[in-house]
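Hi everyone, thanks for making time today. I'd like to walk you through a structure that may be new to you, so please have a look at it with me.

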Amino acid sequence: MRVLLVDDEGELVSALAERLFFRGIQADWTTDGKKAVEMAAAVAYDVIVLDMKMPGVSGLSVMQKIKETSPGPGFVFLTGHGSEEDRDAGRAAGASFYLMKPVKIDVLVEKMKMAAIEAGKNV
């Protein structure tokens, strides 16, 4: 499974990518929403894990831009600032799951796999 992690917390997202690597998951990461759109256009990710709220851009906006240019990946929101409205908006926009930080790595991996399968990926 190939995953893109997008979160403005650089230490968190780089550590998460390393932990996923040790579970056999290839994870790229970025702290920048615009860069995430570029990366998703260049690589066929199975799942994209997005922070809901990042400085200057929302995860919802990043998800919509990725869907316009790179249809196909599953989406999971992982956030520390979520509300019920954010969760509902994320699900309405097409994200498979909306998880709150901190999340156990096994739970995240399970939800990423389920999101990939929902998106029609063979993981």
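I'll talk about a pocket, a cavity and one peptide bond. Please keep in mind that this is a predicted model.

Let's begin with the largest pocket, whose volume is about 170 Å³. Which residues line it? They are Leu12, Ala15, Leu16, Arg19, Leu78, Lys101, Pro102, Val103, Lys104, Ile105 and Leu108. Helix H1, residues 10-21, and helix H5 each bring at least two residues to that lining, and H1 gives the most, with four. Sorted by class, the pocket lining holds eight nonpolar residues and three charged ones, with no polar residues.

Two of those pocket residues deserve a second look. The peptide bond running from lysine 101 to proline 102 is cis, and its omega is near -10°. Where is proline 102 found? It sits in the loop between strand S7, 97-100, and helix H5, 105-118.

Now for the cavity. Searching the whole structure turns up one cavity of 30 Å³ or more, and the volume of the largest cavity is about 70 Å³. Its lining is made up of Leu5, Val6, Asp7, Leu12, Val13, Leu16, Val49, Leu50, Asp51 and Leu78. Strand S1 (2-6), H1 and strand S3 (47-50) each supply at least two of these residues. Which element gives the most to this lining? That is H1, with three residues. By class, we have eight nonpolar and two charged residues here, and no polar ones.

Leu12, Leu16 and Leu78 are worth finding on your screens: they appear in the lining of the largest pocket and in that of the largest cavity. Thanks for listening!

Terms used: Residues are numbered from 1 along each chain as its sequence is written. This is a predicted model: local features need pLDDT of at least 70, side-chain atom pairs count only at pLDDT 80 or more; totals for chains, interfaces and linings use all residues. Side-chain values use heavy atoms; hydrogens and water are left out. On a 1 Å grid over the protein atoms alone, a cavity is a set of points where a 1.4 Å probe fits but cannot get out, and a pocket is an open set with protein on both sides within 12 Å along at least five of seven lines; lining residues have an atom within 4 Å of a point. Grid points are joined across faces, edges and corners, and a volume is the space filled by probe spheres set on the points. Ala, Val, Leu, Ile, Met, Phe, Trp, Tyr, Cys and Pro count as nonpolar, Asp, Glu, Lys and Arg as charged, and the others, Gly among them, as polar.
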